[in-house]
Amino acid sequence: MGITSILFWILSSIALFSALMVITSKNPMYSVIWLIIVFFAISGHYILLNAQFLAVVNIIVYAGAIMVLFLYVLMLMDLKKESEPQKHRWIKLAGAVAGGSLLLVLVAVLRKADLGNSIAETRMGDIGLIENLGKILFNEYVVPFEISSILFLSAMVGAVVIGKKE
Amino acid sequence: MPINYYIFLSLALFCIGIVGVLTRRNAIIVFMCIELMLNAVNLLLVAFSKMNHFQNAAVNASAGSDGQIFVFFIMVVAAAEVSVGLAIIVMMYRNIHSVDINFLNRLKH
C-alpha cells in the first residue's frame with residue numbers, strides 16, 4: 001500500500017466523517033465548521049489528483065468566501081432563542097431510509113459495471129496546472145467565461161435588491 | 001487509484017447530502033447540504049477528467065482538461081447561487097422570524 005492510497009483513505013474518511021457530522025450537529029455553527037473541513041478534505045483530493053488550480057480555487061471560493069457568507073448569515077440571525085424544532089421522528093427515519101436506499105441501489109448497479117481497469121492518475125499529469133487550464137479557458141471557453149461575469153453581476157444586483165429593506 | 005473508489009466516495013457524499021436535505025428543517029443547513037452535493041459531483045468530475053487524461057494522453061495532450069474547466073464553472077455558478085439564496089433566506093427570516101422550512105407551505109393551501 002503506497003503513500004497515495006494511504007492519503008486517499010485518510011482524506012476519504014475525514015470527508016465522510018465530517019459530512020456525517022454536518023447533518024447530525026444540533027448547532028448550525030458547528031455544521032458550518034464541519035462543512036469547511038469537508039471542503040479542505042476535498043481540496044486534498046484535488047491535490048492528490050494533481051489538479052492544483054482547482055484545489056486552490058476550492059479553498060479560496062468555498063472555504064474562504066461561501067462559508068464565511070454562511071457564517072455571517074448565521075451570526076446575523078439569532079437562532080439560539082428558539083432552538084430548531086425537531087422534525088417528526090418518522091419523517092427523519094423516512095428521509096434516512098430514502099437516502100440510504102438510493103445509495104444502496106447506485107452502489108449495487110455500479111459494482112457490476114464494467115469499468116475495465118480505468119485508473120484516475122494521481123500525482124502526475126499536468127492538465128490541472130494553471131498554465132494549461134488558463135490557456136484552454138481563454139481560448140476555447142472565453143465566451144462562457146465572459147457570460148459568467150454577467151451572471152455574477154446579475155447575482156450581485158439580485159442579492160442587493162432582495163436583501164434590501166423596502 | 002482505480003476510478004471505482006472515487007465513484008463510491010462521491011456517491012456516499014452525495015447521498016449524505018440528500019439525507020441532510022430530507023431530514024433537516026433549518027433552511028441554512030438544507031442549503032449547506034446542497035453545497036455538499038455540488039462538491040461531491042465536482043470531485044467525481046475531476047476524477048473522470050484525470051481518467052480521461054490517463055487513457056487519451058497519447059492522442060491529445062490536453063485530454064481531460066474540459067472536465068476541470070467545467071468544475072471551475074460549477075464553482076462560479078455555485079457562488080452566484082449562494083449569494084442569491086442567502087439573500088432569500090435573510091428575507092424569509094425578516095418576514096417570519098424563523099428559518100424553519102415547514103413554515104413555507106403557503107403554496108399548499
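Start by colouring chain A and chain B separately, and look at where they meet in this predicted model. The contact draws 67 residues from chain A and 60 residues from chain B. Keep the chain B side selected: α1, α2 and α3 of chain B each supply at least two residues to it. The biggest contributor is α3(B), with 20 residues. If you colour this side of chain B by residue class, you will find 44 nonpolar, 11 polar and five charged residues.

**Into the core**

Next, turn to the largest nonpolar core, which has 58 residues. To find its best-connected members, select A:Val38, A:Leu54, B:Ile28, B:Met32, B:Leu36 and B:Val46, which touch the most other members. Helices of both chains build this core: α1 (3-24), α2 and α3 of chain A, and α1 (3-23), α2 and α3 of chain B, each give two or more residues. The largest share, 14 residues, belongs to α2(B).

Now zoom in on one of those well-connected residues, B:Ile28. Which residues does B:Ile28 touch, leaving aside those up to four places away in sequence? On the chain A side you will see A:Pro28, A:Phe70, A:Val73 and A:Leu74, and within chain B there are B:Ile89 and B:Val99.

**Along helix α3 of chain A**

Three of those residues lead us along, so select residues 52-76 of chain A, which make up helix α3. At 1.5 Å a residue, its 25 residues should span 36 Å, and the end C-alpha atoms are 34 Å apart, which agrees. Follow the helix to A:Met67 and you will be at the centre of a kink of about 30°.

Which residues of α3(A) are buried? Show the side chains of A:Phe53, A:Leu54, A:Ala55, A:Val57, A:Asn58, A:Tyr62, A:Ile66, A:Phe70, A:Val73 and A:Leu74. Within chain A, the buried residues of this helix pack against α2 (28-48) and α5 (130-139). From chain B, their partners are α2 (27-56) and α3 (65-96).

**A stop at A:Asn50**

Step back to A:Asn50, in the loop between α2 and α3 of chain A. Its phi is near 60°, a positive value in a residue other than glycine. Is A:Asn50 buried or partly exposed? There are 19 other C-beta atoms within 10 Å, and a residue counts as buried only from 20 upwards, so A:Asn50 is partly exposed.

Select its neighbours next: not counting residues up to four places away in sequence, A:Asn50 touches A:Thr122, A:Arg123, A:Met124, A:Gly125 and A:Gly128. Draw a distance from A:Asn50 to A:Gly128, C-alpha to C-alpha, and you should get 6.1 Å, although the two are 78 residues apart in sequence.

**Two domains in chain A**

Colour chain A by its domain assignment, with domain 1 at 1-80 and domain 2 at 127-166. The C-alpha centres of these two domains lie 23 Å apart. Where they touch, domain 1 gives six residues and domain 2 gives four. The domain 1 side of that contact has four nonpolar residues, two polar and no charged ones.

**Last stop: B:His97**

Finally, go to B:His97, in the segment after α3 of chain B. B:His97 is another non-glycine residue with a positive phi, here near 55°. With 13 other C-beta atoms within 10 Å, B:His97 is partly exposed.

Conventions. Residues are numbered from 1 along each chain as its sequence is written. Chains are lettered from A and ligands numbered from 1 in the order in which they are written. This is a predicted model: local features need pLDDT of at least 70, side-chain atom pairs count only at pLDDT 80 or more; totals for chains, interfaces and linings use all residues. Helices (H or I, at least four residues) and strands (E, at least two) are DSSP runs, numbered from the N terminus. The expected span of a helix is 1.5 Å times one less than its number of residues. The bend at a residue is the angle between axes fitted to the seven residues ending there and the seven starting there. A residue is buried if 20 or more other C-beta atoms lie within 10 Å of its own, exposed if 12 or fewer, and partly exposed in between; C-beta atoms are placed from the backbone. Two residues are in contact if their C-beta atoms, placed from the backbone, lie within 7 Å. A nonpolar core is a set of buried Ala, Val, Leu, Ile, Met, Phe, Trp, Tyr and Cys residues joined through C-beta atoms within 7 Å. Ala, Val, Leu, Ile, Met, Phe, Trp, Tyr, Cys and Pro count as nonpolar, Asp, Glu, Lys and Arg as charged, and the others, Gly among them, as polar. Domain bounds come from an automatic or database domain assignment.
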